[in-house]
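Q: I would like a close look at a single part of this model, and then a walk through its surroundings. Please keep it brisk.

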Amino acid sequence: AQTYQNILIEKKGEKQNVGLITLNRPKALNALCGPLVSEVIEALQEFDKDDSIAAIVLTGSEKAFAAGADIKEMMNNSYSHNHKHGFIENWSYITKCKKPLIAAVNGYALGGGCELAMMCDIIYAGDTAKFGQPEITIGTIPGGGGTQRIARSCGKSKAMEICLTGDQFTAQEAEKMGLVSKVFPADQTVAEAIKLAEKIGRHSPLITKLCKEAVNVAFETSLQEGLRFEKSYFWGTFATADQKEGMAAFAGKRKPNFKNE
Ligand code: CAA
């Protein structure tokens, strides 16, 4: 098994089918230094390959999900260095995960921390969570998708206000604006995210992946193209054994036994 320095890896849930990744760099409030992000990507890829895992939960501590990219690590970067090394371009691998990825956010989710949460498919937040894109206050702008993902999920006015002021906003506000799907007492956030992962894990893994991919297309293309994509995947599900099983189980008034085929 892999040993990690900045994250913890566990299998959770009644069937041990939920992969839990806990950011664990408490001294820096889980600031997303290069090695930490590389470990997250590696752990995600491992869980994505592991057939015993249905869905993945990504969390931090009660104090901080993540306080952003590591300011001390990047402060002396030059433009040419960033360009040459594709600075933080590897973060996009997080969005390549095919299984459902749920962020369980407690405490600070700032800058890259907020962006990391938004790269996940679903965000559950604890009632003490604080979101924000404070990059503007330190002379830069969001670089992990903040300007684009907030604009797409919450609209222009919210995106502009959040990115141009750098102000923090609460879990309740995040829920109201549609960034977060549910808010829980902080000490229950991770357990609720695991329950959600288990619920999703009762479905066909194959069909779940197709469904995730179809929803993601909504953020990348026109309605017409998105509907075309959806239809081709919807039709495509009828080529799977799990569609036959799911519908036969409904008609036979029994529980489906999905085979991931
Ligand atoms: N990078 C590096 N170190 C960080 C950090 C970060 N983003 N956030 C916190 N830390 C470190 C602090 O330097 C401090 O270390 P020392 O004990 O060695 O001094 C330790 O974590 C604890 O932090 P604080 O003492 O500041 O804790 P606090 O409770 O007083 O404040 C906070 C918490 C409000 C989150 C504050 O730490 C903070 O403002 N952090 C920076 C937030 C930020 O600006 N994030 C955006 C980064 S830029 C970015 O993310 C770019 C992008 O889009 C990819």
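Is Lys96 buried or exposed, and what is its relative accessible area?

A: A note before the details: this is a predicted model. Lys96 is exposed, because its relative accessible area is 55% and the cut-off for exposed is over 50%. Lys96 sits in a loop. That loop runs between helix α3 (79-85) and strand β5 (101-105). Lys96 can also be placed against Cys114. The two are 18 residues apart in sequence. In space, their C-alpha atoms are 18 Å apart.

Now compare a strand residue. Thr59 belongs to β3, which spans residues 55-59. Thr59 has 3% relative accessibility, so it counts as buried; the limit for buried is under 20%. Its contacts can be listed too. Leaving out residues up to four places away in sequence, Thr59 touches Leu20, Ile21, Thr22 and Leu23. Thr59 also touches Phe65, Ala104 and Val190.

Next, the ligand. The shell around the ligand holds 25 residues. Of these, Ala69, Lys72, Gly112, Glu115 and Glu135 come nearest. By class, the shell has 14 nonpolar, 5 polar and 6 charged residues.

Three polar approaches to the ligand can be named. Lys63 uses its side chain: a polar atom there lies 3.0 Å from an oxygen atom of the ligand. Ala67 uses its backbone, with an N or O atom 3.0 Å from a ligand nitrogen. Ile71 also brings a backbone N or O atom, which lies 2.9 Å from a nitrogen atom of the ligand. As for cover, the ligand has 980 Å² of accessible area on its own, and the protein covers 66% of that. Three elements give two or more residues each to the shell: α2 (71-74), β6 (108-110) and α4 (112-119). Helix α2 gives the most, with 3 residues.

Backbone angles come next. Most residues other than glycine have a negative phi. Gln16 has a positive phi, near 55°. Gln16 lies in the loop that joins β1 (7-12) to β2 (18-23). Its relative accessibility is 42%, so Gln16 counts as partly exposed.

Asn260 is another non-glycine residue with a positive phi, of about 65°. Asn260 lies in the segment after α11. Asn260 has a relative accessible area of 32% and is therefore partly exposed. Lys253 comes just after α11 and takes a positive phi of about 50°.

That leads to helix α11 itself. Helix α11 covers residues 241-251. Its buried residues are Asp242, Gln243, Glu245 and Ala249. Viewed down the helix axis, the buried residues of α11 fall within an arc of 165°, so they line one face of the helix. What do they pack against? The buried residues of α11 pack against two helices, α9 (205-217) and α10 (223-237).

Back to the starting point, then. Lys96 lies in its loop between α3 and β5, and Lys96 is exposed. Thr59 in strand β3 is buried. Gln16 and Asn260 are partly exposed.

Note on methods:
Residues are numbered from 1 along each chain as its sequence is written. This is a predicted model: local features need pLDDT of at least 70, side-chain atom pairs count only at pLDDT 80 or more; totals for chains, interfaces and linings use all residues. Side-chain values use heavy atoms; hydrogens and water are left out. Buried means under 20% relative accessible area, exposed over 50%, partly exposed in between (1.4 Å probe, protein chains only). Helices (H or I, at least four residues) and strands (E, at least two) are DSSP runs, numbered from the N terminus. The arc is that of the directions from the helix axis to the C-beta atoms. Contact means heavy atoms within 4.5 Å. A residue is near a molecule or strand if one of its heavy atoms lies within 4 Å of it. A polar contact is a pair of N or O atoms within 3.5 Å; within protein, one must be able to donate a hydrogen and the other to accept it, and residues adjacent in sequence count only if both atoms are side-chain atoms. Accessible areas come from the Shrake-Rupley method with a 1.4 Å probe; for residues, only the protein chains shown count as cover. Ala, Val, Leu, Ile, Met, Phe, Trp, Tyr, Cys and Pro count as nonpolar, Asp, Glu, Lys and Arg as charged, and the others, Gly among them, as polar.
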